[in-house]
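Me: Please take a close look at a single part of this protein, namely one place where two helices pack against each other. I should like a connected account that also sets this part within the whole chain.

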Amino acid sequence: MKIRTYPKIYLDYASATPIDKKVLELMSKYEKNFYANPTSIHGSGVKVRDIIEKSREMIAKGINAHSDEIIFTGSSTESNALAILGIVRNYEISFSKKVLEYKIPHIITTAIEHPAVLMNCRSLEEEGRACVTYIKVDENGIVNPKDIKDAIKSNTIIVSIIYANNEIGTIQPIQEISKAIRHYKGQSLTIFPLFHSDATQAMNYLDTSNVEKLGVDMLSFNGSKIYGPKSIGVLYKKRSVPLSPLYNGGGQESGLRSGTESVSLIAGLALALEITNKIKIKETIRLNSLRDYFIEKLLAIKILPFEIILNGDKKKRLPNNINISISGISSELLVLELGAKGIEVSSRSACKSGEDSDSYVIKALKESAGSELNEEEGSLRITLGRYTNKKELDKFIIILSKILDKYKKWK
């Protein structure tokens, strides 16, 4: 029996993007020709170090930072961990050397952060090393800067707010939050709290050209979301930020991230960011149009007893993100059904796939709206990218309608 196959329609760009051809060519060249250890003082080592530092300068220029404020890591997850755990560790070390009454540090974040932030905060709580305030968002997934301002205490050392949510794509008012934090610091004459933002999903589409203007002290992002390589991330850290490493070793990356750097990954990330910044405005306009068109088509599907609900703010969201719940059918079943027809999307966040728990992000939105999550209801994350076109989205609508029509018989 011949199995029918379908052409692939990839709509999971928030999970991972394909590597840009120019980036791949550059990385291949460096993998082949520049393999020496960048800490070596012979000719080959010096050449590799020069490439790394020029790449660091490119990335710094792309966000209007100093090159020594760019720390290379293995992922955004590691960058987030270094930002949060590194600040807490530095705080602990500093106070242990002083004859002062020690106060457990306080952290402020939101209820819908990426697990790379939430899980580290929860671990610190469990270990008794920090107390954490999880700010609620409204029913559209937006945090109120006033709530953050009101939550700041004398022992608050870091506020970590995601720039754009990885699951529902909602954009947070980062600059307004920064102003609230600066206002507090101006009154208390202290460097705390520091402001960190996970900008992993934001780099492709939002304004990240000036970290000073954004008002952040630290910023995380990686290569796998900007058509660059996986296993490479960045933590922008303002010079004045007191950070301690998570582990010790050879002292690379200003002593904050020991381990031999990969020249091909670093150079690939630098080029990917440069390309992204060049096409950002044009691609954002294109995807905004596609997103709005697709949302309109999705919400127009009327197949009882199913109801399609858009999760998150309709406009204050990433131009490539559409997150929906379809009441009466599980999102995992829909992912499998769509996948069988060649359409690849995510259920919840890919970083949490494989787990049985419902989406805590959607739960947070439902709680703010005063409703509960239906046991059959999850979220379907559809994310567009550079190679997405209207024809693919129209095909998605047709296939989804057929799937719902098939399952309505069983309701």
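Reply: In this predicted model, buried residues account for 55% of the 411 residues in the protein. The protein has a radius of gyration of 22 Å, which agrees with the value near 22 Å that a compact globule of 411 residues would have. Along the principal axes, its C-alpha atoms fill a box of roughly 70 × 55 × 35 Å. The protein contains 11 helices and 13 strands. Of the contacts between residues at least 6 apart in sequence, 73% join residues at least 24 apart.

Against this background, the part chosen is the packing of helix 9, residues 331-340, with helix 11, residues 390-407. The axes of these two helices lie 11 Å apart and form an angle of about 120°. Because angles of 65 to 115 degrees count as roughly perpendicular and only those over 145 as roughly antiparallel, this value makes helix 9 oblique to helix 11. The crossing of the two helices is right-handed.

The residues that form this contact can be named on each side. Helix 9 contributes Leu333, Leu334, Glu337 and Leu338. From helix 11, they are met by Phe396, Ile399, Leu400, Ile403, Leu404, Lys406 and Tyr407. Sorted by class, the contact of helix 9 with helix 11 comprises nine nonpolar residues and two charged residues, with no polar residue. The charged residues are Glu337 in helix 9 and Lys406 in helix 11.

Methods: Residues numbered from 1 in each chain as written. Predicted model: local features only at pLDDT ≥ 70, side-chain atom pairs only at ≥ 80, totals over all residues. Heavy atoms only, no water. Axes fitted to C-alpha atoms, helices over the stretch in contact; angles between N-to-C directions. Helix = DSSP H or I, 4+ residues; strand = E, 2+ residues; numbered from the N terminus. Parallel < 35°, antiparallel > 145°, perpendicular 65-115°, else oblique. Left-handed = near helix turned anticlockwise from the far one by under 90°. Contact = heavy atoms within 4.5 Å. Rg over C-alpha atoms; globule rule 2.2 N^0.38 Å. Buried < 20%, exposed > 50% of the residue type's maximum accessible area, 1.4 Å probe, protein only.
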